[in-house]
Structure formats: C-alpha cells, structure tokens
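Below is a short structural report. It moves from single residues to helix packing and then to the ligand shell.

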Amino acid sequence: MSEMLSDIVAVPDCPGVSRWQAVVPGGSVAGSAALRPIIPFWHDLLPAPTPVTRPGASELTLYVEPEWRRRGIGSRLLATVRAYTAEPRLFADVAAGAPGEAFCLRHGFRHAGSTRLDLLTYCDVHWAWLGEMVDAEPSGYRLIHRTGILPAMLRVEELRHSPGRTGDAVLTAAEADGDLAAYAVAVVGALSPNRARQYGPAVLPNHRGRRLGVWVNAALIQRLREVHPHVDEIETLTDEGDTHLLAVREHFGFRPSDRTRRYELALP
Ligand SMILES: CC(C)(COP(=O)(O)OP(=O)(O)OC[C@H]1O[C@@H](n2cnc3c(N)ncnc32)[C@H](O)[C@@H]1OP(=O)(O)O)[C@@H](O)C(=O)NCCC(=O)NCCS
C-alpha cells in the first residue's frame, strides 16, 4: 500500500504538547506522534546534568497501529515532527528489541542509554507506613507542596515560588531555612487518567545522607493521593546504572515493569 494514502493532521491538545495523527481513507487513525518538552528536572539545581536533562530536548512518542506498519507512516509522522520542531535534539524511549529500535536506527537516532520503567500500584502501598515516614520529619527541614502546569514548570524553583495554582504537576519539596534541599515531582494525565509519572526524588549535594529523598518521595505519594484521588498507579523511569535510585524505588514497592532503550536524534 502506498505511503501517500495517509494524511498527517495536527491535533489540538493540552498546552505544551504537540500531537499529530496519521488519518487513512475512511477516517481511521493509523498512527500518532507527540512531542513534549523533557522536564528539565535537574538542570536548574544540580551540577553536571545528563544530556537528556539539558534544556533544548524534547521527548518524542510515536505509534503506528500494527496493521498499518511498514508502509511509511511512522517515517511520515517523524518527518512532520522534524519539520515542526526547533529543538536541537529529540529523545525516544523504545521497548528493548521492539521494531522501534530498527526504526530509530534507520532514521539516524543513536543509542543513548537504558532505562527501567517501574510501576507502583496503590494496592501495594501501606498507607500507615507511608504516613509514619512522612511524620518522621528530619530536624531542620520542612515540607512544602505546590501544584502547577507542566509547560510552566520550566524550573523547579519557579514552581516552588508560585503557590496556589492548579495544574497537572505536583511538587513536594523539603526546605531548610527557606532554601530548597530535596524534591520530587509527579505529573498526572499525560499517559492515562489513572496513572501519574514521578520524577525524582533529587537531593541537593549539601543535604545528602539524611534520607531526605525517601522523605519527600513518601510525602509526594501521600499528597498525590489527596490532590488526584482518581490516580491509582505511579510510574517512574530510572537509568539502569542508578543503583541508589533503583533501591529507593524498591523501598516504596515499585516493581520493574519494562525495560526501554533511549534513542537520541540530533537535528541540524
Ligand atoms: C516504530 C514504529 C513507529 C514504526 O512505524 P512504521 O510505520 O512501521 O515505520 P515505517 O514504515 O516508516 O518504517 C521505516 C523504516 O524503519 C525500519 N523498520 C520499521 N519497522 C521495522 C521492523 N519491524 N523491523 C525492521 N525494520 C523496521 C525499516 O528500515 C523501515 O523501512 P522499510 O519498511 O522500507 O524497510 C511502529 O513499529 C510502532 O508503532 N512501534 C511501537 C511503538 C514504538 O516502538 N515507537 C518508537 C518510537 S520512536
């Protein structure tokens, strides 16, 4: 079948996310692409950010229905994204060994690391245990919670200083004398209505060794349940080499759900 049979159309969506669909004759949607800014989770606070967390990178998701594959639709969606974006780099997370890997390599992406997707389902959470963890406040620190809109969350500090907004991002932070010491962020609704994606926890260098990461993570999970009661599972993506963070995930009952390989496309 000719690749010219599909129309690529832009789909209005939530602010900050660009989406396209490949529509085939008869009106069926054969595939879709989405581009969203990668949350620059570390770059404003921690030194030596990884390439993925430097500003100027977008996360690409691309999907073609199995019965429409190998007809050039994925390539056309990617060409549309490339023509649209002004960012210098795109990142895509692809299931290891899946067709997406051959597709990425065919289109000039390079392998940029491996990540583990972990899932915490609320039926595995012991809420009383979590509450005790939150109540065990380390001396000299206090918790704050903020909500905001994902595209507005260009810097964690901006979100921390803009209380009272509504939005899909929840920030829980530990402060010491008004300064940020540790934080974790969850974003709801981007993947499915009942699933949130958690970023972090991250602890600033001067505050490490006090279990602040575990503390803010416990408080974030608790807060998320209060603010977004329809959410009943949380996913996280963790670098396979980050044994410390993987141990924190397991501490909370996150279970490995998938392994993905990250691919990077540098744009001219
Ligand atoms: C990856 C995906 C989007 C490709 O969509 P598609 O419409 O089949 O892609 P195209 O037809 O444009 O393929 C372009 C080229 O990629 C390579 N390719 C794609 N699928 C492949 C496969 N299963 N095996 C080997 N090579 C493959 C081929 O070189 C192909 O060219 P060819 O058909 O002339 O040999 C689709 O398989 C998919 O939705 N997979 C699940 C989600 C995913 O992995 N997304 C990747 C995010 S980047």
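Arg 70 is exposed, because 12 other C-beta atoms lie within 10 Å and a residue counts as exposed at 12 or fewer. The model is predicted. Arg 70 sits in the loop between strand 4 and helix 1. Its backbone stands out too: Arg 70 is not a glycine, yet it has a positive phi of about 60 degrees. Most residues other than glycine have a negative phi, and most peptide bonds are trans.

Asp 177 also has a positive phi, near 50 degrees, in a residue other than glycine. This residue is placed in the loop between strand 8 (169-176) and strand 9 (179-192). Asp 177 is exposed, with 8 other C-beta atoms within 10 Å.

One peptide bond is also worth a check. Gly 200 and Pro 201 are joined by a cis peptide bond, with omega at about 15 degrees. Pro 201 belongs to strand 10 (residues 195-203).

**Burial and long-range pairs**

Is Ala 34 buried or exposed? Ala 34 is buried, because it has 20 other C-beta atoms within 10 Å and the cut-off for burial is 20 or more. Ala 34 is part of strand 3 (residues 29-37). Leaving out residues up to four places away in sequence, Ala 34 touches Val 17, Ser 18, Arg 19 and Thr 61. Trp 20 is 14 residues from Ala 34 in sequence, and their C-alpha atoms are 6.4 Å apart.

Gly 16 gives another pair. This glycine lies in the loop between strand 1 (7-11) and strand 2 (18-23). Gly 16 counts as partly exposed, with 15 C-beta neighbours inside 10 Å. Its C-alpha atom is separated by 7.2 Å from that of Pro 37, and the two residues are 21 apart along the chain.

Now the whole chain. The protein has 268 residues, and 29% of them count as buried. It contains 6 helices and 12 strands. Among contacts with a separation of 6 or more, 63% come from residues 24 or more positions apart.

**Helix packing**

Two packed helices are described by the angle between their axes and the distance between the axes. Helix 5 takes part in both pairs below.

| Helix pair | Angle | Axis distance | Crossing |
|---|---|---|---|
| Helix 3 (residues 127-135) and helix 5 (residues 212-227) | about 130 degrees | 8 Å | left-handed |
| Helix 5 and helix 6 (residues 243-252) | about 45 degrees | 11 Å | right-handed |

Take helix 3 and helix 5. How are they set to each other, given their angle? Helix 3 and helix 5 are oblique, because about 130 degrees falls outside the range of 65 to 115 and is not over 145. On the helix 3 side, the contact is made by Leu 130, Gly 131, Met 133 and Val 134. Helix 5 brings Val 214, Trp 215, Ala 218, Ala 219, Ile 221 and Gln 222. By class, this contact has 8 nonpolar and 2 polar residues, with no charged residues.

Helix 5 and helix 6 are oblique as well. About 45 degrees is not under 35 and does not reach the range of 65 to 115, so the pair is neither roughly parallel nor roughly perpendicular. Which residues make the contact? Helix 5 supplies Gly 213, Val 214, Asn 217 and Ile 221. Helix 6 supplies Val 248, His 251 and Phe 252. The contact of helix 5 with helix 6 has 4 nonpolar, 3 polar and no charged residues.

The two contact lists overlap on helix 5. Val 214 and Ile 221 appear in the contact with helix 3 and in the contact with helix 6.

**Ligand shell**

How many residues surround the ligand? There are 20, and the closest are Gly 74, Ser 75, Pro 99, Gly 100 and Ala 102. Strand 4 (57-64), helix 1 (73-84), strand 5 (89-95) and helix 2 (99-106) are the elements that give two or more residues to this shell. Which element gives the most to the shell? Helix 2 does, with 6 residues. By class, the shell around the ligand has 12 nonpolar, 4 polar and 4 charged residues.

Technical notes: Residues numbered from 1 in each chain as written. Predicted model: local features only at pLDDT ≥ 70, side-chain atom pairs only at ≥ 80, totals over all residues. Axes fitted to C-alpha atoms, helices over the stretch in contact; angles between N-to-C directions. Helix = DSSP H or I, 4+ residues; strand = E, 2+ residues; numbered from the N terminus. Left-handed = near helix turned anticlockwise from the far one by under 90°. Contact = placed C-beta atoms within 7 Å. Nonpolar A, V, L, I, M, F, W, Y, C, P; charged D, E, K, R; others polar. Near = placed C-beta within 6 Å.
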